[in-house]
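Okay, thanks for making time, everyone. I'd like to walk you through one model today, so let's get it up on the screen.

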Amino acid sequence: MDSPIGRLWVAVSPRGLVSITRGEDPDPDAGGRTLDPDAVGPVLTELKTYFSGRLGSFQVPLDLRGAGTFNAAVWRAARTIPYGETVSYGELAAMAGYPRAARAAGNAMARCPFSPVVPCHRVIHADGTIGGWGSATWVKRWLLDLERGTTIG
């Protein structure tokens, strides 16, 4: 789907969302793919509603097979960060049950394949700076601005 942050490629399984990739087709040689509207429809609907500024919390399930216990815990915790608010990597680690793992939580967020359904953009440095991110920094800033109602255009 086309979105304000670029083209998004959505992969789903019977268990839930597998990934969202921004940019070019992540697998251009995977000929024979078909779009199953029953499987991908709910994700696309929620994404479109989110980008219109009318969705504060995604409900689509995640397919966390292969994620590992730590990553899954961090990504689940991130889904509880309220719309329009931010937490530090240390706060997120504590929310996930790993209070001394701020750096590891940051690494988990950088590898998260579910943004913006898992709101990686809501996690910032303890000093309030936006910091680096697994995606382009402008995307993180744009998503935060959307949630704060300050996005232009």
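I'll start with the overall picture, then go through the strands, the core, and a couple of local details.

First thing to say: this is a predicted model. Confidence across the chain averages a pLDDT of 89, with 88% of the residues at 70 or more. If you go element by element, helix H3, residues 89-95, has the highest mean, at 98, and helix H1, residues 37-51, has the lowest, at 91.

So what's in the chain? We've got five helices and five strands, and reading along the sequence they come in the order β-β-β-α-α-β-α-α-β-α. There are 153 residues, and 42% of them count as buried. The accessible surface is about 8,200 Å², with 52% of that belonging to carbon and sulfur atoms. Now look at the contacts with a separation of 6 or more: 58% of them join residues 24 or more positions apart.

Okay, the strands at the start. Strand E1 is just residues 2-3, and it pairs antiparallel with strand E2, residues 6-13, over two bridges. Asp 2, for instance, has Arg 7 in E2 as its bridge partner. E1 and E2 make a hairpin with two residues between them. Then comes another hairpin, E2 with E3, and again there are two residues in between. E2 and E3 are antiparallel too, over six bridges, and one of the partnerships is Ser 13 with Gly 16 in E3.

While we're on E3, which runs over residues 16-22, find Ser 19 in it. Is Ser 19 buried or exposed? It's buried, because its relative accessible area is 17% and the cut-off is under 20%. As for what Ser 19 touches, leaving out residues up to four places away in sequence, you get Trp 9, Val 10 and Ala 11, plus Pro 113 and Phe 114.

Now the core. As a general point, nonpolar side chains in soluble globular proteins tend to be buried together. Here the largest nonpolar core has 41 residues, and the ones with the most contacts inside it are Val 74, Trp 75, Leu 92, Met 109 and Val 118. The elements giving two or more residues to this core are E3, H1, helix H2 (69-78), H3, H4 and H5. Which of the elements gives the largest share? That's H2, with seven residues.

Let's zoom in on Leu 92. Setting aside neighbours within four places in sequence, Leu 92 is in contact with Val 74, Ala 77, Ala 78, Ile 81, Val 87, Met 109 and Val 123.

Next, a detail in the loop between helix H4 (102-110) and strand E5 (123-124), which is where you'll find Pro 116. The peptide bond from Ser 115 into Pro 116 is cis, with omega near 10°.

Last stop, helix H5. It covers residues 137-148, so to speak a 12-residue helix, and it reaches 17 Å from first C-alpha to last, close to the 16 Å expected. The buried residues in H5 are Val 139, Lys 140, Trp 142, Leu 143, Leu 144, Leu 146 and Glu 147. Right after H5 comes Gly 149, with a positive phi near 75°.

That's my tour, happy to go back to any part of it.

Definitions and conventions:
Residues are numbered from 1 along each chain as its sequence is written. This is a predicted model: local features need pLDDT of at least 70, side-chain atom pairs count only at pLDDT 80 or more; totals for chains, interfaces and linings use all residues. Side-chain values use heavy atoms; hydrogens and water are left out. Helices (H or I, at least four residues) and strands (E, at least two) are DSSP runs, numbered from the N terminus. The expected span of a helix is 1.5 Å times one less than its number of residues. Buried means under 20% relative accessible area, exposed over 50%, partly exposed in between (1.4 Å probe, protein chains only). Contact means heavy atoms within 4.5 Å. Accessible areas come from the Shrake-Rupley method with a 1.4 Å probe; for residues, only the protein chains shown count as cover. pLDDT is the predictor's confidence in each residue, from 0 to 100. Two strands pair if DSSP finds at least two bridges between them. A nonpolar core is a set of buried Ala, Val, Leu, Ile, Met, Phe, Trp, Tyr and Cys residues joined through side-chain atoms within 4.5 Å.
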